[in-house]
Amino acid sequence: MSCPTKTRVTRFALVGAGGRAPMFLDPIAGRFKEHCQLVGLCDTNPARVQHHQDRLVEKFNYERVPGYAAADFDKMIRETKPDTVIVTTVDAFHHQYIARAMELGCDAVTEKPMTIDADKCQVIWNAIQKTGHKLRVTFNYRYGPGALLVKQLLSKGTIGQILHADMEYLLDTSHGADYFRRWHREKDKSGGLMVHKSTHHFDLVNWWLDAVPEEVFGWGKLGFYGRENAQQRGLKVDYEHYTEAAQQGMTKDDPFALDLTRIGADSRKLYWEAKDIDGYRRDRNVFGGPITIEDSMSALVRYKTGVVLNYSLNAYLPREGFHIAFNGTHGRLEYQEIHQSHIITGQSDQQLGEEMKWESQCVVLPMFKKPYKVPIPQAKGGHGGGDPLLQEQIFSPTAPPDEWHLSAWHGQGSASIMVGIAANKSFKTGQPVKIADLCPQLAGAVHLSDLP
Ligand SMILES: NC(=O)c1ccc[n+]([C@@H]2O[C@H](COP(=O)([O-])OP(=O)(O)OC[C@H]3O[C@@H](n4cnc5c(N)ncnc54)[C@H](O)[C@@H]3O)[C@@H](O)[C@H]2O)c1
């Protein structure tokens with residue numbers, strides 16, 4: 001009689017123990033604990049490592065995970081022997097940990113954006129070529145039920161051959177403003193919103209169209225946030241950080257103020273109680289300086305298939321969400337999501353009220369026929385239900401087959417960031433930018449599904 005085979009437990013280590021880390025730590029310690037083990041945690045800030053160590057013990061009764069300083073990353077890998085390293089640091093450091101993890105014998109999973117510029121992207125390609133290790137890029141937006149519905153409708157030719165797409169993404173004065181309080185406001189840390197945020201959107205469009213972007217032209221500016229804009233509008237900015245100003249009663253009339261002593265307990269530990277160790281503040285005045293990213297951006301993207309995308313992103317609006325329209329030879333498909341904005345994981349903005357609750361809509365307008373709505377399946381969980389499905393793909397040995405190619409690796413990760421990186425270059429030069437000049441590895445592919 002044969003014994004049932006026991007699946008091998010996959011060993012994970014994580015670097016970047018901040019706000020996003022629980023998306024990966026909690027399913028390892030909870031839902032997938034039979035198949036996965038967390039063997040190490042690493043960060044430049046020991047207080048954030050300790051917070052997650054304590055949290056996992058308290059929430060999951062998980063055996064205390066060894067913690068390491070970022071300078072001891074190699075030591076962590078040698079001592080704890082992970083199979084896979086999860087990278088959730090500030091964006092500008094993703095490439096370092098991905099490449100080093102591979103050199104030390106591990107696969108890697110990285111949060112978006114894969115990295116923030118063309119040189120760092122080459123570091124990743126070189127490491128993969130040298131070591132043969134794999135890099136998964138976690139595009140959770142693909143896993144939302146509305147996104148999948150759009151993919152299915154377009155794939156079966158509902159509107160014929162697609163010629164053009166138009167996408168407007170809106171970030172509001174809560175979530176959008178939050179990028180201007182933190183490290184995201186420094187271009188050398190985040191690549192700007194065209195990379196940090198739009199990587200999600202360009203990935204969705206690449207995947208929906210099954211096309212590789214070829215050329216990008218864009219304009220971008222900082223027109224709302226920042227000291228100079230505030231001064232031009234006659235606003236007085238008296239404080240650098242909101243929390244101390246709030247404690248002195250100075251922020252009563254400031255709708256952008258964020259008091260870090262009055263946020264949820266987890267976030268308070270991560271950001272307020274850990275701040276003196278590394279000086280990382282996530283409550284900087286959005287009308288202070290310096291801010292080196294844009295808050296208003298437009299781009300035209302030409303795909304190898306001939307489709308043109310017209311895209312915009314504004315980060316200071318009274319509404320959050322997006323709408324996209326695909327124009328095809330047999331009609332038009334319109335899809336929109338209204339998002340309930342939040343600024344710190346787990347915190348909803350109650351002020352917005354019922355009429356701004358998360359909702360989505362998909363309408364098909366066939367040429368010369370009546371338009372119709374297509375019902376969108378409902379899902380529970382973070383990012384429109386995308387997060388739990390993505391977690392299953394990463395951590396479960398029995399995850400459902402990936403019929404719609406939702407998993408993305410370094411090739412598709414590059415195709416999305418390269419649109420934003422090219423747009424950043426175009427903002428500076430005023431010229432269109434060819435993506436193959438930034439990432440030659442994408443030159444030969446026409447369809448996204450041709451890329452890993
Ligand atoms: N897919 C999504 O929907 C989603 C949502 C939020 C964040 N993210 C991504 O997750 C990542 C982390 O974002 P976050 O919101 O948790 O930010 P965060 O600021 O809360 O955490 C970042 C962590 O990285 C650490 N860090 C900074 N420099 C480091 C270095 N050189 N080495 C090691 N650690 C370092 C910081 O100390 C901090 O603990 C980012 O890449 C972000 O784009 C993705």
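**Notebook: helix H10, helix H16, the core and helix H1**

I found that H10 and H16 are oblique to each other, where oblique covers angles outside three other classes: under 35 degrees (roughly parallel), over 145 (roughly antiparallel) and 65 to 115 (roughly perpendicular). The model is predicted, with pLDDT of at least 70 needed for local features and 80 or more for side-chain atom pairs, while totals for chains, interfaces and linings use all residues. Residues are numbered from 1 along each chain as its sequence is written, and side-chain values use heavy atoms, without hydrogens and water.

I looked up the packing of H10 (residues 198-209) with H16 (residues 410-429): the angle is about 120° and the axes lie 8 Å apart. Axes are lines fitted to C-alpha atoms over the stretch in contact, and angles run from 0 to 180 degrees between N-to-C directions. Helices are DSSP runs (H or I) of at least four residues, and strands (E) of at least two.

I listed the contact residues (heavy atoms within 4.5 Å). H10 supplies Thr199, Phe202, Asp203 and Asn206, and H16 supplies Gln412, Ala415, Ser416, Ile417, Val419 and Gly420.

I then turned to the largest nonpolar core, a set of buried Ala, Val, Leu, Ile, Met, Phe, Trp, Tyr and Cys residues joined through side-chain atoms within 4.5 Å. Among its 126 residues, Trp208, Phe326 and Leu333 touch the most other members. H16 gives the most to this core, with 8 residues.

Finally, I checked H1 (residues 22-29): 7 of its 8 residues are buried, so H1 is largely enclosed by the rest of the structure. Buried means under 20% relative accessible area (1.4 Å probe, protein chains only).

Methods:
Buried < 20%, exposed > 50% of the residue type's maximum accessible area, 1.4 Å probe, protein only.
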